[in-house]
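Look at the structure below and keep asking how each label attached to it is earned. The turns that follow set values against cut-offs, one label at a time.

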Amino acid sequence: MARSSVYGISRVDNEVSRTHGWLVTIQRRGVIYRKHFSDGVHGGKTKSFNAAKAYRDEVIAKHPPFSMREYSNIVKKNNRSGVVGVCRYCASETRDMPEEKQRWFWVASWPLPDGRRKRVKFSVKKYGEEGAFKMALKARKDALKKLEGEFDPGAVRRKPARRRAATGEGARRGA
């Protein structure tokens, strides 16, 4: 049992309100499933955690996460190109320059299974407006064909566990 949290489950310890337990929060397709599991009601931390985990697993079984392909096709409110994952971009170092010196690109992007994003850009100067746009469309379409797995919204925020460097007395003794 983790003190802090596991996917969709977090610990609540509030002395002021005398609230102690586990909170399950899962969002699926715009609906939030939230339920609190009190230590007092369930007979302790371990039992309330097990009840929270069972509820979390039930919610996930009934409402699986988006596939990576489904997630990659959600139209965002700020989309101006008309195509999900394709945008027109001005190189930041040239944005304040006169228009004839600005470097413009059409950029295709898509998520990778580990939560990072892949981006490829195509120069408007080199390929022309329409050519660069079509190349970005094709790059994204080809990448999405290969995209498999489920979308994990927490993948980007979670950092891999870092191993501590062996220092101090324990390192010298070989412990």
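Q: How do you know that two strands pair, and what makes β5 and β6 a case of pairing?
A: Two strands pair if DSSP finds at least two bridges between them. In this predicted model, β5 and strand β6, which covers residues 104-111, are joined by five bridges in the antiparallel sense, so the requirement of at least two bridges is met. One of the positions to look for is Arg88, whose bridge partner in β6 is Trp106.

Q: What makes β6 and β7 a pair?
A: Seven bridges, in the antiparallel sense, link β6 and β7, and since at least two are required, the two strands count as paired. Phe105 has Ser123 in β7 as its bridge partner. The two strands form a hairpin with five residues between them, where Gly115 takes a positive phi near 100 degrees.

Q: Why are β5 and β7 said to stand at the edges of their sheet?
A: The sheet is open and has three strands in the order β5-β6-β7, with antiparallel pairing. β5 (86-90) and β7 (117-123) each have a single partner strand, so one side of each is left without a neighbour in the sheet. From one strand to the next, the twist averages 30 degrees.

Q: Which helix packs on this sheet, and which strands does the helix touch?
A: Helix α5, made of residues 129-146, packs on the sheet and touches β5, β6 and β7, while its direction makes about 10 degrees with that of β6. Lys141 lies in this helix, and its C-alpha atom is separated by 9.7 Å from that of Gly85, although the two residues are 56 residues apart along the chain.

Q: Why is Lys141 called exposed?
A: The word exposed is used for a relative accessible area over 50%. Lys141 has a relative accessible area of 54%, so Lys141 is exposed.

Q: Why is Leu23, in contrast, called partly exposed?
A: A residue is buried under 20% and exposed over 50%, with partly exposed in between. Leu23 has 22% relative accessibility, which lies between those two limits, so Leu23 counts as partly exposed. Leu23 is placed in strand β3, and among the residues it touches, leaving aside those up to four places away in sequence, are Val12, Arg34 and His36. Another of its contacts is Ile9, which is 14 residues apart from Leu23 in sequence and 5.5 Å apart in space, C-alpha to C-alpha.

Q: How do you know that β3 and β4 pair?
A: Strand β3 (residues 19-28) and strand β4 (residues 31-38) share eight bridges in the antiparallel sense, so the condition of at least two bridges is satisfied. Ile26, for example, has Tyr33 in β4 as its bridge partner. β3 and β4 form a hairpin with two residues between them.

Q: What makes the phi of Arg29 and of Arg18 worth pointing out?
A: Most residues other than glycine have a negative phi. Arg29, which is not a glycine, has a positive phi of about 50 degrees, and Arg18, also not a glycine, has a positive phi of about 55 degrees. Arg29 is found in the loop between β3 and β4, whereas Arg18 is in the loop between β2 (9-14) and β3.

Q: Which of the words buried, partly exposed or exposed applies to Arg18, and which to Arg29?
A: Arg18 has 72% relative accessibility, and because this is over 50%, Arg18 counts as exposed. Arg29 has 46% relative accessibility, which is between 20% and 50%, so Arg29 counts as partly exposed.

Q: How do you know that the buried residues of α2 line one face of the helix?
A: Buried here are Ser48, Phe49, Ala51, Ala52, Tyr55, Arg56 and Val59. Seen down the axis of α2, these buried residues fall within an arc of 160 degrees, so they line one face of the helix. On the other side of α2, Lys47 and Ala61 are exposed.

Q: What span is expected for α2, and what span does α2 reach?
A: Helix α2 (residues 45-62) has 18 residues, and its span of 26 Å from first C-alpha to last is close to the 26 Å expected at 1.5 Å a residue.

How values were computed
Residues are numbered from 1 along each chain as its sequence is written. This is a predicted model: local features need pLDDT of at least 70, side-chain atom pairs count only at pLDDT 80 or more; totals for chains, interfaces and linings use all residues. Side-chain values use heavy atoms; hydrogens and water are left out. Helices (H or I, at least four residues) and strands (E, at least two) are DSSP runs, numbered from the N terminus. The expected span of a helix is 1.5 Å times one less than its number of residues. Buried means under 20% relative accessible area, exposed over 50%, partly exposed in between (1.4 Å probe, protein chains only). The arc is that of the directions from the helix axis to the C-beta atoms. Axes are lines fitted to C-alpha atoms, for helices over the stretch in contact, and angles run from 0 to 180 degrees between N-to-C directions. Contact means heavy atoms within 4.5 Å.
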